Each structure stands twice: as structure tokens, then as C-alpha cells.
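Please look at where empty space is left inside and along the surface of this protein. The paragraphs below go through that space piece by piece.

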Amino acid sequence: MSVTTYWAEHAWLPHANGPVVERDVSITVADGRITRVAPDSGPCPPGAVRLAGLLLPGQANAHSHAFHRALRGSVQVGSGTFWTWRDTMYRFAGALDPDSYLALATAVYAEMALAGITSVGEFHYLHHAPGGGRYADPNAMGHALIEAAARAGIRITLLDTCYLSSGFGAEPTKPQLRFSDGDSDAWAERVSALRAAEHARIGAAVHSVRAVPAGQLGTVAQWATETGAPLHVHLSEQTAENDACLAAHGVTPTRLLADHGVLGPRTSAVHATHLTDEDIRLLADSSTNICMCPTTERDLADGIGPARRLASAGCPITLGSDSHAVIDPFEEARALELDERLHTRTRGHWTANALLRAGGQDGHASLGWPDAGRIEAGALADFTVLALDSVRTAGPPPALGAETAVFAASAADVRHLVVGGRHIVKDGVHQLVPDVAAALSTTIAALRS
């Protein structure tokens, strides 16, 4: 049995009356899990790994499209809409193959590790070769993503995505041919060949109601039910999708998903930006998770979703970086509160503790890792450490560490990351991908060429 003791100057720990920041915390890890947490344990003992700063549970990036990272900068030139952004995205998607995707995703997941993220939900629909031809291994692109997470030292839930139509029954466009399996039965057959690993879970996704015909939604939902897998879906990100759904089916996308058994406690609705009162009731009554991606939603001018109303109605809230305009879980958490302040012109919609739970425990649970996101005995030994002495975080007392993390810190303040007891980021340096910036530059330049 491999046993390691970590000693944290300060740690955000669960408490009967809500999480609190404790000092001098000794954390014993054996075979990837926390076996003992001892606050106020005195000075760092000999042989322990000293972690200066504030120890938090590792953050969960509940919604990622790894290849979108290559768009950063390019899609911020000039103006446009979600739909013009999508055309640029298709051009980058067309340039990827399993080898180049492995290289790109490894660098992207390493960037996530540097930002304090210990698990990622990869919403994966780039399945086949350009033009729709099958690779010898039909899951070559998915296997590349699973291997990339292993090389970057983080956990992954591969949310294999059903994507069959360019819009409410229309045939896929040329760029979309590599997304499609033809029908939902063929999708289910292919995804059933994927296998979980120690660092990887297999989940399912419906790309959107426009991309999966209504009569085939149930196949995806049934596969997820039978396998106990997480099920994710893009929902009402754009008003154009709502309008088209109403024209095609006479109901909102949320109602269509409800009618075909897609909603439920294992389901995460991503974005959920443009909802009716009935939509909110359907999502809450089914205990569906809501994954908000504020940095992408503002980058694409999607709008500000009703996150506070959904949370108040009973939907767990999670966070994702989606298109990776920014990879910073603390910025996503901060933006959830600040966007709500802009919308309502009042302050204080979420506490810092609630936002850290959204980015941590609830995010991990939505990805099929319910034993992550907590610093307590029995939990996975996944945690991150923020500096409390940077130009952003210096000043507040450690007791206000949660508020400092959410409302002041950034990914640049992450000093350490431990995943399954393994020290992946040490003193701000990734131990498996020594030069993450160079890896990103090299892989993205190759795609551009």
C-alpha cells in the first residue's frame, strides 16, 4: 500500500454548519484515497509533503470541447454570432486526426491541471474521419481523449455524443459528417465498445434537440439508464434553437427532452440559457443538473441564463469552460455570481462556499465521480492548492479563503494539484508535461498550417 502524508497550511474542510477554513491540516492518502484528515495538527511533520496556501477540493470542468481551445484568439477578431463562430470551429475540427487530437488534448488537459482542475467532462462528437469515413478503430478519437487525460494526469468522463442531423431531421452538412453515426442504434453500438479505466468513465450525450431527431432521443437516454452513465445535453443555448423546435414539434426543447425521457438526476443540461417558466419547472421536478459555462456564454453573446432561479427551484448547478475562451474554474464560479448581479442589479446570490461546491462536489458527481470533491476520509485524494500571497490573494485573512478563492484568485494562483494522491502540479509546474505553453503552441500551430 502506498501511503503519503500531505500537510496544508490551510484547508477548506466540511463542517456540520458548512465548510470552514482550518489550519495546519494533515491529510493521509493511501492508494489514491484520503484515509485521514486532521486539522490543527501542529507543524508539518518530518516526511510529509508541505503545501503552502489554501487547499481546496480539485475542481471539475463539467463541460469541455478540447479542440475548441485551438480557436482562442481567432474567434475574438471582429464581430459575428454563435453561428459564424461555429463555421470557424468546423474548419479546425476538419484538421484533426487521432494523433493530432491526442497531442492537442494532452496540452489542453495539462492546462486544466495547472488551473486546478482534476476531472473533465469531455463532450465528444468528433468521432470519424473527414467526410464521415470510419477509422479502423471506430473509437480512435475517443481513445485519444482518454489517453490524453492519462498523460496530463487528470480524470476524464468521455461524454460520447450522439449527433445525427444538421437541424430537426435535416441531413448533416459536410463538416458534420464526421460527427454522425447514421442513427442512434449505430451510435449505441459504437459507444458500447468503449471501456472505462481507473482515470476514465464513459458517459453519453445528446448534442442538442436539433442534432438528434426526436424519435431517437429515447435510444440515447435508454443506453445511459441501462449503463448507469451520466447523460449530458446542450439545451436552449440560442433562441434560434427554441424557435426551430417550436416550429418542428410545437414544444420547447426542454419539454421535448422531458417527453422522451432524457431529463433526470443523472442528466446535465448545459447552458439552459433561454427557458420558460414551465421549462424551469420540468428541470427542477426531474432534479436535472444545470451546467453553466459563463465565460463561453458571454464570449458567444448567448445571454445570461436563469441559474439562480434554477438553483432555487432545486437543480444542482455545475460549471464548465466549454469552448475554452478561458480555462479558469475560479473565473467561472465568480462569473456565475457577477453575471447575476448585472442581470438583477443586486448582490449576494451565491455564497463562496456554494460556488466552490458547484465547481467541486456537484461537478464531479455530474460526471460520475461522486466520491470526489470533498476533503474527507474515504474520498478520492484529488485536491488543489491556491497561493494566498500573490498580488491577487494577498491581504484577506485565511479564514476568508473561500471568498478569496472565488472573488479574487485566478488559475495563475494554483501552486499544487494532486490527483489520486499523485502530485501532478508541483510549485506551479506540471510534472508530466513540463512546458504546457510550448505544447499548446506547437499543436495549435500545426492545425493552423
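In this predicted model, the lining of the second largest cavity is made up of five nonpolar, three polar and two charged residues. The residues in question are A60, N61, I117, L319, G320, S321, I327, D328, P329 and E332. Two elements, β5 (59-64) and α11 (329-344), give two or more residues each to this lining. The volume of the second largest cavity is about 60 Å³.

How many cavities of 30 Å³ or more does the structure hold? There are three. The largest cavity contains about 180 Å³ of space. It is lined by 22 residues, and those closest to its centre are F82, W85, H207, H234 and E237. Helix α1 (residues 82-93) contributes the most to the lining of the largest cavity, namely five residues. Sorted by class, the lining of the largest cavity has eight nonpolar, nine polar and five charged residues.

Next come the pockets. Rolling a probe the size of a water molecule over the atoms shows where empty space is left. The largest pocket holds about 370 Å³ of space. Which residues lie nearest the centre of the largest pocket? They are R155, E198, H199, V419 and G420, out of 18 that line the pocket. Helix α3 (140-152) and strand β15 (422-426) supply at least two lining residues each. The lining of the largest pocket comprises seven nonpolar, four polar and seven charged residues.

Notes: Residues are numbered from 1 along each chain as its sequence is written. This is a predicted model: local features need pLDDT of at least 70, side-chain atom pairs count only at pLDDT 80 or more; totals for chains, interfaces and linings use all residues. Side-chain values use heavy atoms; hydrogens and water are left out. On a 1 Å grid over the protein atoms alone, a cavity is a set of points where a 1.4 Å probe fits but cannot get out, and a pocket is an open set with protein on both sides within 12 Å along at least five of seven lines; lining residues have an atom within 4 Å of a point. Grid points are joined across faces, edges and corners, and a volume is the space filled by probe spheres set on the points. Helices (H or I, at least four residues) and strands (E, at least two) are DSSP runs, numbered from the N terminus. Ala, Val, Leu, Ile, Met, Phe, Trp, Tyr, Cys and Pro count as nonpolar, Asp, Glu, Lys and Arg as charged, and the others, Gly among them, as polar.
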